[in-house]
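Here are my comments on the model you sent, set out as numbered points. Please read them beside the coordinates.

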Amino acid sequence: MARYCFCLQVRPERMAEYTERHRTVWPEMRQALTDSGWRNYSLFLRDDGLLVGYVEADDLDAAQAAMARTEVNARWQAEMAEFFTGLGGRGPDEGLQLLTEVFHLEGK
């Protein structure tokens, strides 16, 4: 399974609300992510609003496409869009800036 890391920028004045929303992610959104092939998915937020995400998937493009076909994702992305800067009119799920892996210590 491939590992992917990405970043986005959360509006600093909205970080507390963004964090709170993720404490109560809708059960149907969690299920859609799982059903679409997202595994070991984590989000990390820095004090200045830099959001770093990590996810494992067989194929991120396919996992994103599967999510894009769900009604719950459309609702979630519409609600989350206002929290981000620099999306250029795209939804948060389309504005991911993928990072290149430069090192990985394989675990046993």
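1. In which segment is Leu105 found? Leu105 lies in the segment after strand 5, the strand being residues 97-99. Please keep in mind throughout that this is a predicted model, and that every value quoted below is computed from it.

2. On the surface, Leu105 joins Val102 and Phe103 in making a nonpolar patch of about 430 Å². Leu105 itself is exposed, since its relative accessible area is 67% and the cut-off for that class is over 50%.

3. Strand 1, which covers residues 2-10, pairs with strand 3, residues 50-57, in the antiparallel sense, and eight bridges are found between the two. Within this pairing, Cys5 has Tyr54 of strand 3 as its bridge partner.

4. Strand 1 is also joined to strand 5, again in an antiparallel arrangement, by three bridges, and here Phe6 is the residue that stands opposite Leu98 of strand 5. A further antiparallel pairing links strand 1 to strand 4, residues 84-85, through two bridges, with Val10 standing opposite Phe84 of strand 4.

5. Which residue has the cysteine sulfur nearest to that of Cys5? The structure holds zero disulfides; Cys5 is in none, and the nearest cysteine sulfur, which belongs to Cys7, is 7.5 Å away. Seen from the other side, the sulfur of Cys7 has that of Cys5 as its closest cysteine sulfur, and the 7.5 Å between them is too far for a bond, because a disulfide requires the two sulfur atoms to be within 2.5 Å.

6. The two cysteines fall into separate accessibility classes, and the cut-off that matters is that buried means under 20% relative accessible area. Cys7 has a relative accessibility of 12% and therefore counts as buried, whereas Cys5, at 24%, counts as partly exposed.

7. Where does Ala62 have its place? Ala62 belongs to helix 3, which spans residues 60-68, and its relative accessibility of 41% puts Ala62 in the partly exposed class. Ala62 and Gly37 are 25 residues apart along the chain, while their C-alpha atoms are separated by 8.2 Å; please inspect this pair in the displayed model.

Technical notes: Residues numbered from 1 in each chain as written. Predicted model: local features only at pLDDT ≥ 70, side-chain atom pairs only at ≥ 80, totals over all residues. Heavy atoms only, no water. Patch = residues over 30% accessible without salt bridge, like charges linked within 9 Å, V, L, I, M, F, W, Y side chains within 5 Å. Areas by Shrake-Rupley, 256 points an atom, 1.4 Å probe, with all protein chains shown as cover. Salt bridge = Lys/Arg side-chain N within 4 Å of Asp/Glu carboxyl O. Helix = DSSP H or I, 4+ residues; strand = E, 2+ residues; numbered from the N terminus. Buried < 20%, exposed > 50% of the residue type's maximum accessible area, 1.4 Å probe, protein only. Pairing = 2+ DSSP bridges.
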